[in-house]
Amino acid sequence: MLEDRATAVSSATQWPTAYPQGYAVVDVETTGLARHDRIISAAVYRLDARGEVEDHWYTLVNPERDPGPVWIHGLTSEVLESAPLFADIAEEFAARLDGRVLVAHNAVFDWQMIAREYARAERQAPVRQRLCTIALSKELGLPLPNHKLESLAAHFGVVQQRAHHALDDARVLAEAFRPSLRAAAAGGVRLPLLECRSLTEWSDAPVPRQSSPGYGGYRAGSWRPSRKRPACPHPNPGRYEDGKPLKQGMRVAFSGDTSTERELLEDRATECGLHVASSISRLTSLLVTNDPDSGTSKVVKARQFGTPVVDEAAFGQLLRDVEPADE
């Protein structure tokens, strides 16, 4: 396997010259998953070109709101009350990221949270590229039971001490990323680097939903620049079947408002190997909507074609374990 060959990459001549010169392994804990949620703690492990740790940094952040799911991250309002605001730590955070590839587990989520915080502070994070360790583990063909951080850590014998603590999660990821990076170098694997686009403006003003109030009170805005997504490299395996996992190549469409920002959901789907479709056809594998009775054109067509429908919460669960394509 590729990881077994990683130790063979020792000389400068063997290391891929196109690989980045440094990495910032990042983990952030947040008040939730939606666009209006805030960072409450952040950690960065800086690594050199070959994945060796240079230093690490950790901070709490006062989110200026309730801390969200305390039972997950353990950070109460009392703990965060005296923490610095994001604007107060933005410069130090930026210094840790500057000139490096941001590495995270489900990197699109961490990057979007960071980009939003910098936009609120009327600044830009100095990050140009990100690397998702989920995508890298797929490129390497690691035999993982799922794509959770704990599974990646167990594969490389890394012991987690405090799950959902930003500093320990970043440490675990840094230790698992190093052998992954060396395995990629040994096998000549092209790293799955994606562009990071900073936000140029921000508004925290919520927009009430016109329907389905039970799903929260926010509507995705037009704050993120549109972009063309790369073509899905996997064939369409057909429709999603209830009770079974999603499979790479499935065509997924979205309709209506989502509590998590729409393009964040689409990015997650893309990074899992799904085909994000802008419309419904007979080839569509699944429609994701929080309001199946809305009467939108996509919902109506889904009914006509018999396209399976799930809500956002169920889709989030399905993204945790997407089967590889049959290729």
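**Exercise 1.** In this predicted model, work out the strand order of the open four-stranded sheet and find which strands sit at its edges.

*Solution.* Start with the order: the open sheet runs β8-β7-β9-β10, with parallel pairing. Next, look for strands that pair on one side only; those are β8 (275–277) and β10 (309–310), the edge strands. Now zoom in on one pairing. Strand β7 (residues 251–255) joins β8 in the parallel sense over three bridges, and R251 stands opposite H275 in β8.

**Exercise 2.** Which strands does each of the helices α8 and α9 lie across?

*Solution.* Take α8 (residues 262–271) to begin with: this helix lies across β7 and β8, and runs at about 170° to β7. Then move on to α9 (residues 297–305), which lies across β7, β9 (286–289) and β10, at about 145° to β9.

**Exercise 3.** Count the aromatic pairs, then describe the W15 and Y19 pair and say whether its two residues are buried or exposed.

*Solution.* The count comes to seven aromatic pairs, taking ring centres within 6.5 Å. W15 and Y19 make an edge-to-face pair, 5.9 Å centre to centre with 85° between the planes. Buried means under 20% relative accessible area, so W15 at 9% counts as buried, and so does Y19 at 7%.

**Exercise 4.** What parts of the chain does the F86 and Y118 pair tie together?

*Solution.* First the geometry: F86 and Y118 are edge-to-face, 5.0 Å centre to centre and 90° between the planes. F86 lies in helix α3 (residues 86–97) and Y118 in helix α4 (residues 107–120), so the pair links parts 32 residues apart in sequence. F86 is buried at 3% relative accessibility, and Y118 is buried at 1%. Finally, W57, F86, F93 and Y118 form one aromatic cluster.

Technical notes
Residues are numbered from 1 along each chain as its sequence is written. This is a predicted model: local features need pLDDT of at least 70, side-chain atom pairs count only at pLDDT 80 or more; totals for chains, interfaces and linings use all residues. Side-chain values use heavy atoms; hydrogens and water are left out. Two strands pair if DSSP finds at least two bridges between them. Helices (H or I, at least four residues) and strands (E, at least two) are DSSP runs, numbered from the N terminus. Contact means heavy atoms within 4.5 Å. Axes are lines fitted to C-alpha atoms, for helices over the stretch in contact, and angles run from 0 to 180 degrees between N-to-C directions. Rings of Phe, Tyr and Trp (its six-membered ring) pair if their centres lie within 6.5 Å; planes under 30 degrees apart count as stacked, over 60 as edge-to-face and the rest as tilted. Buried means under 20% relative accessible area, exposed over 50%, partly exposed in between (1.4 Å probe, protein chains only).
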